[in-house]
Amino acid sequence: MRTMISAVVLTFFALPSYAVQTPKTADGIVAQADAVRNPDNPFSIVVSLTEYRAGKQENSMALNVYSKENTATGQYRTLALFLKPPKDQGKVMLKNGTELWFYDPTSKSSVRISPQQRLMGQASNGDVMTANMHKDYKAELAGEETIMDSAKAKVPCYKLNLTSRGDSNYYRVEYWVDKADSRPLKGKFYSDSGRLLKIVYYGGYRTELGRERPTEAIIIDGVDPKLVTKMIFDSYNNRKIPEEWFQKEYLPRFKGD
Amino acid sequence: MVPKRISPAVQRGLTLGAVVLSLAWQNAAAGQDDDLDLIPESVSAAQPAVSTGTAGGRNSYRFFLEDEMQVNSSRHSPLIPLPRNYAPGCSNRFTFYGKADIRILPSLNFTLVDRLNHLSSNRTDFPSGRVQNDLNEAFLSWNAFGENYLDAGRINLKSGVAIGFNPVDFFRKDAVSLRTSEDPLVLRENRLGTVMARAQSILPFGSLTLAAAPRISDRTGLVITDKSSFAFSLNRTNARPRYLAKFSSSYKGLSYDLLYYSETAKPIFGADLSRGIGEKLVVYAEWSRGKRRSLSAEALLYDARSFGVDAKPYAGYLPGDSSMRARNEAVAGFSFTESGHKRSTFVEYHYNEAGMTPSDWHNWFASGYLQRIYNYPELAPLFDKANAALWSIRDYAQRSMEPASSQQLFIRNQWQEAFTKKLDLTNLVQINPVDRSFFAQSAAKYNLSDNFILSLALYFYAGGEHSEYGSVNKWNVIKPGITWLF
């Protein structure tokens with residue numbers, strides 16, 4: 001009997017489906033969910049963010065984000081070019097490990113900023129997309145839960161408790177990953193004092209760069225739940241991103257094309 | 001071994017426990033679904049506000065119109081009076097700003113930044129005023145291969161990591177064409193580039209920049225000097241031949257720049273460092289050392305060269321050590337971000353060895369005492385010229401973007417979304433730690449919409465009569481303004 005089960009399992013696990021290849025360890029589940037959010041190769045996306053308070057639109061912005069994994073650390077390095085609103089157009093933000101720079105084309109100066117300073121802006125919401133959860137957090141499988149996704153469909157999920165390995169922006173994350181195909185569906189991000197900072201729903205899955213990927217995220221502010229940000233991800237593109245682009249001196253030359 | 005029979009009461013208890021646990025589990029899962037209730041229907045249904053076709057690009061343009069008034073409140077009888085043509089009581093600036101980045105060929109870009117200003121004041125010809133066009137930048141950039149670039153034209157080349165004073169920002173002198181604010185970050189937006197050729201190689205581990213700016217001088221030419229509305233003011237940016245070599249890199253989170261600069265064959269060395277510490281703190285330092293005269297001696301030479309002013313008759317009133325010797329400029333600072341609010345504070349200590357020392361300030365004020373003692377009409381013309389020379393030192397410090405005093409404390413706080421989502425506040429203070437006088441600026445920007453910004457800035461100068469900031473003839477300034485971005 002045990003041999004039959006093994007055979008069935010092996011047969012199914014040998015199928016060329018991403019989901020069934022998933023090793024069912026907590027870290028494995030998180031790694032597979034990371035792969036859903038983040039393409040293997042360097043890529044760019046256009047991110048539009050709209051902020052609502054009590055359902056009423058307050059602010060909106062758009063960024064062209066270029067992202068590439070640092071193979072040595074597993075961290076994603078990002079260059080974000082502000083497209084809108086007009087007062088921010090042309091500004092560039094660089095995140096390369098712990099080095100964060102903000103370039104303003106009007107003053108033509110680059111200012112080094114702290115991770116906390118970066119989190120002040122809406123652009124920081126990009127963190128919830130390109131964060132490498134597998135590298136940044138220790139994962140523990142907390143069980144299985146059926147939750148409703150952002151489209152209000154019931155989806156059986158793994159629930160994982162993630163704890164920061166040290167350099168991440170959030171101390172703890174509760175994370176729900178679709179059992180069937182490793183799609184991340186929801187995350188709750190906490191500070192070291194245990195304060196809930198963000199609730200994130202990943203949705204709008206469609207095929208981009210060879211597999212199903214989220215094209216929207218809805219972020220509820222943990223401190224002020226009336227504040228909700230909707231992010232739309234569009235124009236996924238594979239990009240050749242040279243290492244040189246992650247130098248501070250490159251920022252004035254970055255055009256996002 | 002026979003298993004012990006479970007009593008009906010215990011069975012009931014276990015069943016109840018199981019039901020309670022099951023309900024608790026379901027409630028926990030339902031609690032997760034409750035989070036969805038926090039998402040308003042309008043958010044779920046909303047489509048992206050930005051079309052996907054705006055992914056940056058080949059050509060980019062930016063324009064705005066800005067109008068700003070300035071109303072000065074003057075002090076009564078400052079110790080050293082300002083010359084009559086300084087600082088009008090009320091003025092207005094209307095600016096059209098345009099920036100274009102145009103891709104001519106796949107590897108060839110053209111950048112143009114221009115500000116067309118209409119300036120008027122109650123002291124001159126209000127409201128007719130005058131026009132001043134500032135061609136900030138106009139240069140071609142050729143991406144030769146890889147990440148290697150050659151740029152030529154009028155370029156704003158900036159260096160340094162500090163906010164209030166940049167010892168390694170060697171092209172800053174005399175480059176600010178209109179002093180639209182006292183905030184150093186704002187002043188950087190309003191500065192003229194230098195005509196130069198620049199080569200830059202950006203490598204995976206750092207970058208190397210070489211720049212050469214020729215001397216372009218024609219004291220009488222209306223196009224080259226700043227004597228006509230549409231002149232290029234090259235006399236301000238290209239009065240001397242200048243060369244710069246800069247290497248930038250980082251090591252384990254420590255970013256650094258090493259610089260070598262030469263102006264009229266006088267070398268200056270400089271370096272800057274920055275490093276993040278934890279989530280909220282960035283520390284930085286900047287330093288340069290090279291031969292130069294004192295600020296006051298340079299100011300008088302500048303006046304002599306630019307305006308043909310002969311300061312010798314007033315030398316007795318003027319502070320200074322005019323010797324040419326190696327002098328240091330340095331900044332040490334940190335920025336701190338508060339986690340609960342969108343507030344960041346920069347704190348810096350500025351050291352300018354060429355700046356005015358306490359004894360220089362004593363000499364500076366000595367002229368004022370003399371004027372009060374010898375208040376004879378026949379001496380008035382002499383004192384007027386002496387006052388102009390004294391104020392020209394401070395004016396020169398502003399033009400050079402350096403502290404007038406040898407020591408200064410600088411604090412700048414920026415608060416995004418202060419009290420309301422649409423309001424951004426910036427407060428800064430410059431303190432002379434020796435005489436304890438200070439200058440403070442509060443600026444508010446209210447974002448009416450994505451395209452319209454209302455602004456209000458207040459300046460305040462405080463200190464004793466014979467202190468750096470207490471001697472400024474204004475004691476406060478109000479500047480309301482409006483900007484339309486399109």
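What percentage of the 257 residues in chain A is buried? In this predicted model, buried residues make up 50% of chain A, and the views below take you from the two chains to their cores, their interface and a pair of hairpins.

**View 1. Chain A and its secondary structure.** Here you can pick out 5 helices and 15 strands in chain A. Looking at contacts in this chain with a separation of 6 or more, 47% come from residues 24 or more positions apart.

**View 2. Chain B and its secondary structure.** Chain B contains 7 helices and 18 strands. Of its 486 residues, 36% count as buried. Among its contacts between residues at least 6 apart in sequence, 57% link residues at least 24 apart.

**View 3. The largest nonpolar core.** This core holds 61 residues, and the members touching the most others are A:Val30, A:Val47, A:Leu63, A:Leu160 and A:Val177. Strand 1 of chain A, residues 43–53, gives the most to this core, supplying 6 residues. Separate from it is another core of 21 residues, which includes B:Ile80, B:Leu300, B:Ala389 and B:Ile393.

**View 4. Around A:Val177.** Let's zoom in on one of the well-connected core residues. Leaving aside residues up to four places away in sequence, A:Val177 touches A:Ile29 and A:Ala33, along with A:Cys157, A:Tyr158 and A:Leu160. Its other contacts are A:Ser182, A:Arg183, A:Pro184 and A:Leu185.

**View 5. Where the two chains meet.** At this interface, 57 residues of chain B are in contact with 58 residues of chain A. The chain B side is made up of 22 nonpolar, 22 polar and 13 charged residues.

**View 6. The hairpin of strands 9 and 10 in chain B.** Strand 9 (residues 254–263) and strand 10 (residues 266–277) run antiparallel and are joined by 10 bridges. To find your place along the pair, start at B:Leu258, whose bridge partner in strand 10 is B:Ala271. The hairpin has 2 residues between its strands, and B:Thr264 takes a positive phi near 45°.

**View 7. The hairpin of strands 10 and 11 in chain B.** Strand 10 also pairs with strand 11 (residues 281–292), again antiparallel and through 10 bridges. A handy landmark is B:Ser274, bridged to B:Tyr284 in strand 11. This hairpin has 3 residues between the strands, and in its turn B:Gly278 has a positive phi of about 70°. As you follow the side chains, remember that in a regular strand they alternate between the two faces of the sheet.

Conventions:
Residues are numbered from 1 along each chain as its sequence is written. Chains are lettered from A and ligands numbered from 1 in the order in which they are written. This is a predicted model: local features need pLDDT of at least 70, side-chain atom pairs count only at pLDDT 80 or more; totals for chains, interfaces and linings use all residues. A nonpolar core is a set of buried Ala, Val, Leu, Ile, Met, Phe, Trp, Tyr and Cys residues joined through C-beta atoms within 7 Å. A residue is buried if 20 or more other C-beta atoms lie within 10 Å of its own, exposed if 12 or fewer, and partly exposed in between; C-beta atoms are placed from the backbone. Helices (H or I, at least four residues) and strands (E, at least two) are DSSP runs, numbered from the N terminus. Two residues are in contact if their C-beta atoms, placed from the backbone, lie within 7 Å. Ala, Val, Leu, Ile, Met, Phe, Trp, Tyr, Cys and Pro count as nonpolar, Asp, Glu, Lys and Arg as charged, and the others, Gly among them, as polar. Two strands pair if DSSP finds at least two bridges between them.
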